[in-house]
Amino acid sequence: MTDIEDRATLFVLMTGVRRQEAVGATWQEFDIGNKTWLIPATRMKNGKDHFVPLTDAALACLGEVGAPDAPVFPSKRGGFLGHDALSLKKRYGLAFDLHGFRTTLASWAEEAKYRTNVIQALLAHRKADDNGRSLGSQDIAYMRATLFEERRALHEAWVAYVTSR
């Protein structure tokens, strides 16, 4: 796997992150040894730091480690890969978009009986109860668990699912 856009597309699909979070990633955000990625609050839709557990397959998408502030998925012209560089319609002629894989991941995880809060935490969504009802601000103030190890298990199962034949 050598094409930067293909690696970035696979990385988004495997991690369930939004594509702008992936294309803006720099090497300093990654802890390869612990298989984690910290997306800083400044790049998150909800304005909060988000830790992403990484599978071996997701790590393989990253390529060769660069300077701390270098883009993980650099543009061929220098700088960061453009947001539309990962257009599934442009690149592969597909009639759906990459963001739809987040829906697919969430639906698959629901059917595989993962807890709603684990799925929501994986997608960096607002926390919900186990019936999918969004929690109010008072509930959220007291719920600070990251469910990181459960999210890691979900990531592993998801990647096994999407890479199986």
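Biologist: Which helix does Y92 lie in?

Modeller: Y92 belongs to helix 4, residues 88-92. Do keep in mind that this is a predicted model.

Biologist: Is Y92 buried, exposed or partly exposed?

Modeller: Buried means under 20% relative accessible area and exposed means over 50%, with partly exposed in between. Y92 has 39% relative accessibility, so Y92 counts as partly exposed.

Biologist: Which residues form a nonpolar patch on the surface with Y92?

Modeller: L94 and F96 join Y92 there, and together the three have about 270 Å² of accessible area.

Biologist: Let's turn to the sheet. How do strands of a sheet pair?

Modeller: In general, they pair through backbone hydrogen bonds, in a parallel or an antiparallel way. Here, 3 strands make an open sheet in the order 1-2-3, and the pairing is antiparallel. Strand 1 (30-31) and strand 3 (50-53) are at the edges with a single partner strand each, so each has one side without a neighbour in the sheet.

Biologist: How many bridges link strand 1 and strand 2?

Modeller: Those two strands pair over 2 bridges. F30 has W37 in strand 2 as its bridge partner.

Biologist: And the inside? Which residues have the most contacts in the largest nonpolar core?

Modeller: F30 and W37 appear again, along with F11, L54, L62 and F73, in a core of 39 residues. Several elements give two or more residues to this core, including strand 2 (36-39), helix 5 (100-111) and helix 8 (148-163). Helix 1 gives the most, with 6 residues.

Biologist: What does W37 touch, leaving out residues up to four places away in sequence?

Modeller: Its contacts include F11, F30 and L54, and among the others are E21, E29, R43 and H50.

How values were computed
Residues are numbered from 1 along each chain as its sequence is written. This is a predicted model: local features need pLDDT of at least 70, side-chain atom pairs count only at pLDDT 80 or more; totals for chains, interfaces and linings use all residues. Side-chain values use heavy atoms; hydrogens and water are left out. A nonpolar core is a set of buried Ala, Val, Leu, Ile, Met, Phe, Trp, Tyr and Cys residues joined through side-chain atoms within 4.5 Å. Buried means under 20% relative accessible area, exposed over 50%, partly exposed in between (1.4 Å probe, protein chains only). Helices (H or I, at least four residues) and strands (E, at least two) are DSSP runs, numbered from the N terminus. Contact means heavy atoms within 4.5 Å. Patches are made of residues with over 30% relative accessible area and no salt bridge: like charges are joined within 9 Å, nonpolar side chains (Val, Leu, Ile, Met, Phe, Trp, Tyr) within 5 Å. Accessible areas come from the Shrake-Rupley method with a 1.4 Å probe; for residues, only the protein chains shown count as cover. A salt bridge is a side-chain nitrogen of Lys or Arg within 4 Å of a carboxyl oxygen of Asp or Glu. Two strands pair if DSSP finds at least two bridges between them.
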